[in-house]
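I opened this structure to take notes on some of its strands and helices. The entries below are in the order in which I looked things up.

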Amino acid sequence: MIVFPNCKINLGLRIVRKRNDGYHDLETIFYPIALRDVLEIIRDPQHQQINTSTVQFSTSGISVDGKMHDNICIKAFNLLQKDFPQIPAIKMHLHKAIPLGAGLGGGSSDAAFTLSLLNKQFNLGLSPEQLIHYALQLGSDCPFFIINTPCHATGRGEVMEPVTIDLNAYKFIIVNPGIHIHTGQAFANITPALPGKSLTNIIQQPIETWKDDMTNDFEKPIFKLYPEIGQIKNKLYAGGASYASMTGSGSTVYGIFEKDKKVDADFPSTYFVKEL
């Protein structure tokens, strides 16, 4: 079976408080974007026995750093296989098209889609709520990709409420400069604060007003460390974006443009640039 894990952007991202467990409470709007990886899972014909918990994992596309056994898709497989030993040995192939470490949630999406695909392929009977429980063990962004519809998220990102937002009249320009932002470093420079206005109210306003009210708290410290990321945002606004922002803890910046608008923004050839 083949699925196509998509990425997300954050419409606003506020860090509200640091929790006693070391994590942070946040507020954001998760919005799915049609930039996709490809994930295929099949039974391993060489290991047909039940309770054989092996997984042969391969990748293509954008290079995936780190050791294969540390990949989040394998972690997702092992997490389910521990509770469902009837899952047989499999072959798993991941084709990466979503930039890594870019604030787009590509790895989280791959993990969540792995859980959902294993659930469907091997008839595990898990509900969305149960899949969310497993997904949260893999990462704070993972539960969103089980729902995969625009959501207002609080807590670590796992407390989600679907929201109505229509951006069909707009297109997105996704720009990634190839800078890997370490999440711990990003959080170290954040001062948590309670927001004055909820994002659920802001997204109901005309999109041209978002830049005055909707912010990503990671932008200020990240732009200070990497001015070229801030320059991307400035270029997108200069090119006519109705709204532009960094997503997640960076380094990807997106611009939202009227669909019929010709975008005049030139970026270095080494940057990942995608219009969606």
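These notes go through a hairpin, a strand with two partners, one serine and a pair of helices.

**Before starting.** I noted that this is a predicted model.

**Entry 1, the hairpin.** I looked up strand E7, residues 151-154, and strand E8, residues 159-162. The two run antiparallel, and I found four bridges joining them. I then checked what faces His152, and across from it in E8 is Glu161. Between the strands of this hairpin there are four residues. I looked at the backbone there and found that Gly155 has a positive phi, near 65°.

**Entry 2, strand E9.** Is E9 mostly covered or mostly open? I went through residues 170-176 and found seven of the seven buried, so I wrote it down as mostly covered. Next I sorted the residues by direction. Tyr170, Phe172, Ile174 and Asn176 point one way, while Lys171, Ile173 and Val175 point the other way. Residues on both sides are buried, and Lys171 and Asn176 are among them. I recalled the general rule that side chains in a regular strand alternate between the two faces of the sheet.

**Entry 3, the partners of E9.** Which strands are joined to E9? One is E11, residues 253-258, which runs antiparallel to E9 and is joined to it by six bridges. I picked Ile174 and traced its bridge partner in E11 to Tyr254. Another is E12, residues 272-275, also antiparallel to E9, with four bridges. Here I picked Val175, and its bridge partner in E12 is Val273.

**Entry 4, Ser108.** I located Ser108 in helix H2, which covers residues 106-121. Why does Ser108 count as buried? Its relative accessibility is 15%, and the cut-off for buried is under 20%, so Ser108 qualifies. I set aside the neighbours within four places in sequence and listed the remaining contacts of Ser108, which are Asp141, Cys142 and Phe145.

**Entry 5, H2 against H3.** I noted first that two packed helices are described by the angle and the distance between their axes. For H2 and helix H3, residues 128-136, the axes come within 10 Å and cross at roughly 140°. I therefore entered the pair as oblique. The crossing of H2 past H3 is right-handed. I then listed the residues that meet: Leu115, Ser116 and Asn119 from H2, and Leu131, Tyr134 and Ala135 from H3. By type, the residues of this contact are four nonpolar and two polar, with no charged residue.

Terms used
Residues numbered from 1 in each chain as written. Predicted model: local features only at pLDDT ≥ 70, side-chain atom pairs only at ≥ 80, totals over all residues. Heavy atoms only, no water. Pairing = 2+ DSSP bridges. Buried < 20%, exposed > 50% of the residue type's maximum accessible area, 1.4 Å probe, protein only. Contact = heavy atoms within 4.5 Å. Axes fitted to C-alpha atoms, helices over the stretch in contact; angles between N-to-C directions. Parallel < 35°, antiparallel > 145°, perpendicular 65-115°, else oblique. Left-handed = near helix turned anticlockwise from the far one by under 90°. Nonpolar A, V, L, I, M, F, W, Y, C, P; charged D, E, K, R; others polar.
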